[in-house]
Amino acid sequence: MRRSRVPAFAAILPLVAGACTTFATVRSADVRPGPSVAVHASYSTPPGDVAGWFWSYDCVTRCSFATPGIDVGYTYGWRRPDSVRAVALGVGVNSFYPYVDGYMQLASGQRPYGIGVRVGLPVQSWRQHQLYARYDIPLSERTRLLVNPGILLHEGRTPNGQTSGHFVGFVQGVGLEVGGRNVSWTPAVAVVAGQAQRKDYFARLGPERSVFAMASLGFTVHRARATDSR
């Protein structure tokens with residue numbers, strides 16, 4: 001925790017070893033049919049002493065450190081012909097937190113939007129969940145402004161059961177999708193406003209409110225849309 005495709009992966013891999021969490025993975029509201037693979041690397045400003053403890057190594061106090069993250073996910077999308085609605089299901093790992101993800105596109109056209117939920121899998125003592133929305137604004141033929149608000153929940157307890165806690169935050173992510181038929185790049189920023197609390201046998205820390213920022217870069221390998229130019 002705490003320009004070929006090969007160079008792109010090589011640039012991101014060093015982040016994996018020290019990755020803690022990615023607070024937002026900004027993506028398009030428009031579901032692409034078929035399989036896709038997405039990678040997002042991020043870096044946040046310090047999230048506060050109580051919240052920072054959740055994503056730090058061997059830290060008891062003064063845990064407000066900048067937080068790196070890496071998210072790798074596989075998604076499969078379905079769209080019926082002439083339907084404004086589409087569905088995408090995915091699995092992935094957000095640094096150390098595996099998840100399943102479900103998204104429904106509610107409108108198509110020039111400004112598609114939809115809602116989704118990400119559920120952390122109970123394979124370790126800490127989990128992350130998110131309820132989010134996506135909205136696209138076209139800027140040019142190959143560029144879209146992506147608006148992704150969401151609610152993030154990090155919760156759980158230490159493996160020995162001595163300490164439990166949670167972080168709840170509102171996340172406002174904004175990014176650009178720049179891409180072609182089969183590869184899209186997504187530079188993005190996000191602001192997180194939340195509250196953290198934890199307790200153990202001896203003390204209760206928080207609730208502590210904090211506001212911090214995050215920057216990320218993602219790329220997605222996918223099938224072409226029917227509307228993509230050749």
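## Strand barrel, salt-bridge network and local backbone features

The backbone nitrogen of Thr22 lies 2.8 Å from a polar atom of the side chain of Asn94. These coordinates belong to a predicted model. Asn94 itself sits in strand β3, which covers residues 86-94. Its relative accessible area is 4%, so Asn94 is buried.

Ser95 follows in the loop between β3 and β4. The phi angle of Ser95 is near 55°, a positive value in a residue other than glycine. With a relative accessibility of 12%, Ser95 counts as buried, because the cut-off for that class is under 20%.

**The barrel**

How many strands close into the barrel, and in what order? There are 10 strands, arranged as β1-β2-β3-β4-β5-β6-β7-β8-β9-β10, and the pairing is antiparallel. On average, neighbouring strands of this sheet are turned by 20° against each other, with direction ignored.

Three of the strand pairs are set out below.

| Strand pair | Residue ranges | Bridges | A facing pair |
|---|---|---|---|
| β4 and β5, antiparallel | 97-107 and 113-120 | 8 bridges | Tyr103 opposite Gly116 |
| β6 and β7, antiparallel | 126-138 and 143-157 | 11 bridges | Trp126 opposite Gly156 |
| β7 and β8, antiparallel | β8: 164-179 | 15 bridges | Val147 with Val174 |

Strand β7 takes part in two hairpins. On one side, 4 residues connect β6 to β7 in a hairpin. On the other, the hairpin of β7 and β8 has 6 residues between the strands, and Gly161 in that turn has a positive phi of about 75°.

Strand β10 spans residues 204-222 and contains Pro207. The peptide bond that joins Gly206 and Pro207 is cis, with omega at about 10°.

**Salt bridges around Arg144**

A search of the whole structure gives 7 salt bridges. Which residues does Arg144 meet in this way? The partners of Arg144 include Asp30, at 3.5 Å from N to O, Asp136, at 2.9 Å from N to O, and Glu177, where the closest N and O atoms are 4.0 Å apart.

The contact with Asp30 links distant parts of the chain: Arg144 belongs to strand β7, while Asp30 is in the loop between α1 (5-16) and β1 (34-44), and the two are 114 residues apart. Asp30 is buried, as is Arg144.

The 2.9 Å contact pairs Arg144 with Asp136, and both of these residues are buried. The salt bridge to Glu177 runs between neighbours in the barrel order, since β7 is followed by β8 there. Arg144 lies in β7 and Glu177 in β8, so this pair ties together parts that are 33 residues apart in sequence. Arg144 has a relative accessible area of 17%, so it counts as buried. Glu177 has a value of 10%, so it is buried as well. Through shared partners, salt bridges join Asp30, Arg79, Asp136, Arg144 and Glu177 into one network.

**The nonpolar patch**

Which residues make the nonpolar surface patch? Val37, Tyr74, Val91, Val100, Val117, Val119, Leu131, Ile151, Leu153, Val168 and Phe170 form it, with an area of about 850 Å². Strands β5, β7 and β8 each contribute at least two of the patch residues.

Val37, one of the residues in this patch, is located in strand β1. Is Val37 buried, partly exposed or exposed? Its relative accessibility is 37%, so Val37 counts as partly exposed. That value also lies over the 30% that a residue needs for patch membership.

**Summary of β7**

Strand β7 recurs through this description. It is joined to β6 by 11 bridges and to β8 by 15 bridges. Arg144, which takes part in the salt-bridge network, lies in β7, and the same strand supplies at least two residues of the nonpolar patch.

Definitions and conventions:
Residues are numbered from 1 along each chain as its sequence is written. This is a predicted model: local features need pLDDT of at least 70, side-chain atom pairs count only at pLDDT 80 or more; totals for chains, interfaces and linings use all residues. Side-chain values use heavy atoms; hydrogens and water are left out. Two strands pair if DSSP finds at least two bridges between them. Axes are lines fitted to C-alpha atoms, for helices over the stretch in contact, and angles run from 0 to 180 degrees between N-to-C directions. A salt bridge is a side-chain nitrogen of Lys or Arg within 4 Å of a carboxyl oxygen of Asp or Glu. Buried means under 20% relative accessible area, exposed over 50%, partly exposed in between (1.4 Å probe, protein chains only). Patches are made of residues with over 30% relative accessible area and no salt bridge: like charges are joined within 9 Å, nonpolar side chains (Val, Leu, Ile, Met, Phe, Trp, Tyr) within 5 Å. Accessible areas come from the Shrake-Rupley method with a 1.4 Å probe; for residues, only the protein chains shown count as cover. A polar contact is a pair of N or O atoms within 3.5 Å; within protein, one must be able to donate a hydrogen and the other to accept it, and residues adjacent in sequence count only if both atoms are side-chain atoms.
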